[in-house]
Each structure stands twice: as C-alpha cells, then as structure tokens.
Amino acid sequence: MAPTALQEKLNGLVNSMFAEGLLDEQFQQLQMLQDGSNPGFVAEVVTLFCEDSERILAELTKLMDQAVVDYSKVDAYVHQLKGSSSSVGAQNVKLACIQFRQFCEDNNKEGCMRALNVVKHEYYHLRSKFETMLHLENRIQAYETKQQS
Amino acid sequence: MAMERGCKSTGGEPHVLAVDDSSVDRAVIANVLRSSKYRVTAVDSGKRALELLGLERDVNMIITDYWMPEMTGYELLKRVKESSELKQIPVVIMSSENVPNRISRCLEEGAEDFLLKPIQPSDVSRLCSRFLR
C-alpha cells in the first residue's frame, strides 16, 4: 500500500478512536509532543501504558478472586490505572476506573467484579486499536527510511 | 562560578528532577520538560530522588507526584525542606486528585505549586519561567 494511503488509514483510525470516545484531548497533547527529536514518543508511551495496564489488571484479578477482598489494595491499583489512562488519553478506560473506584468505596464485591470486567473490556478494545495504530506507523516509518537510503 | 543550588540556573540547561512511580507519567513529564529544553532526570521513588540529590549538586527544580508507595511526594517535600543543603530547591507537587486539604498542606510545607495531572506543556512553561532560567 502506498505511504499516503497508509497515512490516510492511520489518520482515519485515530479519528475514529476519538469519535468512539476511546481517546480524549490528552492523546492529542501527546501527539503534539512528538517531533523529529523524539519520533517514537507516542509509541513509547502507548507501550508503557499497555505493559502497566496488563500488570495492574492481573493484580486486580488476583485480588478479586480472594474470598475476602482487600478493597484498599484494589482501590490503590484502580487509582494507578486511572492515572495512567488519564495521562495517555485513554478516556473510556479512565471512566471505567472511576466507576470501579466507586464500587470499591462501597465495598461492593459484585459491583467491583462487574466494573473489573468493564475495565478489561475497554482496555482490550483500546489495545487492539493501539496495535493497529503502531503497526501502521511502523509501516510508514519503514517506507520513509527506505526512501531516504 | 559554581552553580547555585536550586532556583535559577547559572549556566547550561536547567536540570529538573522528576519523581513518579508511574512509568507512563515519568515518560510524559520527561518529554514535556525536554521539549521545553530542560535537562531531565526521572526517578521512580522519593528514596531514589534523595539518593540522587545527595550525589548531584545541580538540580534546579523537583517535580514530584504526590501519591507514591513508601514515600509520598509530601514526605519527599518535607525531607527536602528540612535539609539545609536542599531547601532552596523549588518543589512542585503533581496529583491526579484535586483534594483541597492535600494542596494546602503541601503549599504550607513549602511547595511552590501544585499541578493536577495530566500535566500540560503550558503548566511546565509557566513553572519553569518562574523558577528556572
């Protein structure tokens, strides 16, 4: 596929992520911070976010599997995930975390279980889009590198 | 002339120490600062921040997350302000939560400012023009 077509596909994907509410204006801020001196910044942050999120989701799953749930620990992890999703512009994940924290505050196990599933759903949906986005960026970058050599 | 501890840089890029246990936030704040042409050292805990401050004499500003395990940003702020060697260094606290008691406690303890996350480039520009040149 020609690079302009790839770029159009990438732009269309990112625009649809904004339109769906997956991303908010914070992601635009990150895009604006990416420049020639740091061309991989968005990819770096997205990758860190995904690694961090999966670590946290694994911990949350373990905590929620316990017979007696330690809600303060659950809340601490959800707080972390809310923070990193806010920093990367992952709007739907952030909103799901806010709901989750409410259930933690109420010590509502059933609510927390449902909320965890929602957070997972939103995260994996976003991750899938991020993977496509990074794949397209890599293809564009590879083409540009080949043109320069 | 030896670089004065804290406040204004007397030559070269100002050096900012960023402290945050979140790898995502460290990457974001470091890039925001570097895009404003500041030299950045990013660490993941208050303990590491104090270790670095003991070794490096040219930190011009500290920007730290409030909520970190083991040592909070508030506790780090207190340690810096209690130190005769470090107390001149401006400290800015970041938090994802707008808690008035937390903000006033930090400002009373000597924090120069309190920023809500996610941090924007305009926040950094405003701070650095006040404390760094």
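## Reading strand β3 and its surroundings

User: How many residues of β3(B) are buried?

Analyst: In this predicted model, β3(B) is a strand, that is, a DSSP run of E with at least two residues, whereas helices are runs of H or I with at least four, both numbered from the N terminus. Buried means under 20% relative accessible area, exposed means over 50%, and partly exposed lies in between, with a 1.4 Å probe and protein chains only. By that limit β3(B) is mostly covered, and its buried residues number five of five.

User: How are residues, chains and ligands labelled, and what pLDDT do side-chain atom pairs need?

Analyst: Residues are numbered from 1 along each chain as its sequence is written, while chains are lettered from A and ligands numbered from 1 in the order in which they are written. Side-chain values use heavy atoms, without hydrogens and water, local features need pLDDT of at least 70, totals for chains, interfaces and linings use all residues, and side-chain atom pairs count only at pLDDT 80 or more.

User: Which residues of β3(B) are buried on the side that holds B:I62?

Analyst: In a regular strand the side chains alternate between the two faces of the sheet. In β3(B) both faces are covered, with B:M61, B:I63 and B:D65 buried on one side. The other side holds the buried residues B:I62 and B:T64.

User: In what order do the five strands form the open sheet of chain B?

Analyst: Two strands count as paired if DSSP finds at least two bridges between them, and in this open sheet the pairing is parallel. The edge strands, each pairing on one side only, are β2 and β5 of chain B. The twist averages 20° from one strand to the next, where axes are lines fitted to C-alpha atoms, for helices over the stretch in contact, and angles run from 0 to 180 degrees between N-to-C directions. The order is β2-β1-β3-β4-β5.

User: Which residue of β4(B) stands opposite B:T64?

Analyst: β3(B) pairs in the parallel sense over four bridges with β1(B), and also over four bridges with β4(B). On the β1(B) side, B:A18 stands opposite B:I63, whereas on the β4(B) side B:I62 stands opposite B:V91. The partner of B:T64 in β4(B) is B:I93.

User: At about what angle to β5(B) does α5(B) run?

Analyst: Helix α4 of chain B lies across β4 and β5 of that chain, at about 150° to β5(B), with contact meaning heavy atoms within 4.5 Å. Helix α5(B) lies across β3, β4 and β5 of chain B, and its angle to β5(B) is about 170°.

User: Is A:H79 buried or exposed, and what is its relative accessible area?

Analyst: UniProt, in an unreviewed entry, lists A:H79 for "modified residue: Phosphohistidine"; its positions are given in the numbering used here, feature names are shortened, and annotations may be inferred rather than shown by experiment. The residue is found in helix α4 (residues 71–88) of chain A, and, leaving out residues up to four places away in sequence, it touches A:R101, B:W67, B:S96 and B:E97. A:H79 counts as buried because its relative accessible area is 12%.

User: Where in chain B does the cis bond lead into B:P118?

Analyst: The peptide bond from B:K117 to B:P118 is cis, with omega near 0°. B:P118 lies in the loop between β5 (113–116) and α5 (121–131).
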